Amino acid sequence: MQLSDMERGMLEGERGDAVRTAMEILVALGEIFDADRLLPVRSVQIAGVSYHNLGDAGLEFVEQMATDGRAVVPTSLNPAGMDPDRYREMGIDAEFAARQMRIVEAFRRMGVNTTLTCTPYHVGLVPARDDTLAWSESSAVTYANSVLGARSNREGGPSALAAALCGRTPRYGLHLDETRRPTLRVIAAGSLRCPADWGLLGAAIGQQRPGALPLIETAERPDQVSLKSLAAALPTFGGQPMFHVAGVTPEAARHALPADSLCVDAALLRATRERLEIGAEDRVDLVTVGCPHASLDELEQLARLLADRRVVAPLWISTAPAICQQAAKRGLSQTIELSGARIWSGTCFAVAPLKGRFTQVVTNSAKGCYYGAGHNLFRMRLASLERCVQTALAGRWSEVDR
Amino acid sequence: MTELHGRTIKRGRGAGPVLFSPAPISFFGGIDLERGVVSEPGHPLHGQSIAGRVLVFPHGKGSTVGSYALLRLARNALAPAAIVIRRCETIVAVGAIIAGIPCVDLIDIDRLAQVDSAIVEDGVVSWADD
């Protein structure tokens, strides 16, 4: 891999230990993936924030890098393992909270904007088409690549931090035109009535053809929330952080139709749902919304559905701290919380220590089903946002009107 | 003296007894981080210590959190002296770099299967012939 004199200096430690470690990571990854050089990045988004996942070793690494590392490009941060302000109400112990806050503080010392969200594009961090990024949260990477036409590989936490400290990322993978070409034509024949159904579509494609980059043909017109839902599910189930939707996403028209095809009809969607819902009962311990983080529009919708009502089963909503503040200014948070529902901000139920606290969980997120079942051993059920609210109000699941 | 030349993932020198694994290793979940011992049930090295060894294996597997597991091992003074790997991927590369473990890949690891002890230095693996 070709390095400039400045990059070579960084590798030799001219800019301190953290930058040297960071450059070693970028060069090693560049060599492994046959990159020819490093590209300057416009922004970085770092995942791997929850103490639940990082543990003490991850905490030590981040603090070590913070001794002399500073972000040189705009850098934002994924959710933490708890709401930083309301962790007690969430049932998170003080020991966990203290270590979690040390991680967040170390990122802050490095000049990282502690947005604590998986949806930076909801809080004003919207990349432009063809921008080079080093983002790591899989749904955000997929949204940026697919919906916004920016370019990012799915970075790990350390490689994203390395990109932040060096302002660079190795040129390989989705930074290259040829890698962004679709490899699978998907005919979405089953009806997609709500964002949760788009997540189910992503799960079906990912499970049927892991790694494939789909070009999806559908008569439906997805809204932003539906695309967010698809962007969360596809990499979770199939590992692929990019898709095209014909007539919708910016790069779809650039490419010829792939020869390989998959029809996702109503039967396949149903079978996919049944796999996600193995072991689900009518009893409900928890209803969750906001994976990826709820937008202001979704909070408005929730406020309408919950106004003057009272939940029976706990309803947890996760969103970005910045969105939570906006919702509070508009009175939405008050309406939602008066119902007994809770808005946790800056956290994520996939990375919070919730194992053992719930069993039967209903969500509007296919990605949430995967992590709920895999990490926390929950029995999951997937439903539209409206159905999630109805279930919380009723306190149990009902098959009626599904 | 036999020398094999590979690609440097992490520079530096490490020497010690060779521990050869024909199977991939997961550092998160597959290693007991407080004892430095392979803990994955059914793994060919199950129960063996990787501390201070020249650890030779085909490739890594498992969670990306495995990179931090290598750092944890190093902090506990239980890290391998060096890592020799057929084909490195992100988890092991990042782990070796942040933990400061000399690491080389693109090595025909089968040649180390019967070697007692080896030295890794800046992308070169060497050992004394019998």
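What follows walks through the two chains of a predicted model, from the domains of chain A to the fold of chain B and the contact between them.

Chain A comes in three pieces: domain 1 covers 5-177, domain 2 covers 181-275 and domain 3 covers 277-394. Taken over C-alpha atoms, the centres of domain 1 and domain 2 of chain A sit 27 Å apart. Where these two domains of chain A meet, twelve residues of domain 1 are in contact with 14 residues of domain 2. Sorted by class, the domain 1 side of that meeting has four nonpolar, six polar and two charged residues.

Within the residue range of domain 2 of chain A, helix 9 (residues 224-238) is worth a look. With 15 residues at 1.5 Å each, helix 9 of chain A should span 21 Å, and its end C-alpha atoms are indeed 21 Å apart, so the expected and modelled spans agree. As for its surroundings, 14 of the 15 residues of helix 9 of chain A are buried, which means that the helix is largely enclosed by the rest of the structure. Just after helix 9 of chain A comes Gly239(A), which takes a positive phi of about 80°.

Further along chain A, Val362(A) sits in strand 13 (residues 360-363). Val362(A) has 30 other C-beta atoms within 10 Å; because 20 or more is enough to count as buried, Val362(A) is buried. Leaving aside residues up to four places away in sequence, Val362(A) touches Val284(A), Val287(A), Arg381(A), Ala383(A), Cys388(A), Thr391(A) and Trp397(A). As for Arg379(A), 17 residues from Val362(A) along the chain, the two C-alpha atoms are separated by 8.4 Å.

Turning to chain B, the count is two helices and ten strands. Read from the N terminus, the elements of chain B run β-β-β-β-β-β-α-β-α-β-β-β. The radius of gyration of chain B is 13 Å, close to the 14 Å from the globule rule for 130 residues, so chain B is as compact as a globular protein of that length. Along the principal axes, the C-alpha atoms of chain B fill a box of roughly 35 × 25 × 25 Å. Some 47% of the 130 residues of chain B count as buried. Among the contacts in chain B with a separation of 6 or more, 73% come from residues 24 or more positions apart.

The two chains meet through 18 residues of chain A and 18 residues of chain B. On the chain B side, strand 2 (7-10), helix 1 (66-75) and helix 2 (90-99) each supply at least two residues. Helix 1 of chain B gives the most to this side, with six residues. By class, the side of chain B that touches chain A has ten nonpolar, three polar and five charged residues.

Finally, the nonpolar core. In soluble globular proteins, nonpolar side chains tend to be buried together. Here the largest nonpolar core has 177 residues, and those with the most contacts inside it are Ala22(A), Leu26(A), Ala69(B), Val84(B), Ala93(B) and Ala96(B). Helix 2 (residues 17-32) of chain A gives the most to this core, with ten residues. One of the residues with the most core contacts, Leu26(A), touches Leu38(A), Ala162(A), Ala163(A), Cys166(A), Arg168(A), Thr169(A) and Pro170(A), not counting residues up to four places away in sequence.

Terms used
Residues numbered from 1 in each chain as written. Chains lettered and ligands numbered in written order. Predicted model: local features only at pLDDT ≥ 70, side-chain atom pairs only at ≥ 80, totals over all residues. Core = buried A, V, L, I, M, F, W, Y, C linked by C-beta atoms within 7 Å. Buried ≥ 20, exposed ≤ 12 C-beta atoms within 10 Å, placed from the backbone. Helix = DSSP H or I, 4+ residues; strand = E, 2+ residues; numbered from the N terminus. Contact = placed C-beta atoms within 7 Å. Nonpolar A, V, L, I, M, F, W, Y, C, P; charged D, E, K, R; others polar. Domains from an automatic or database assignment. Expected span 1.5 Å × (residues − 1). Rg over C-alpha atoms; globule rule 2.2 N^0.38 Å.
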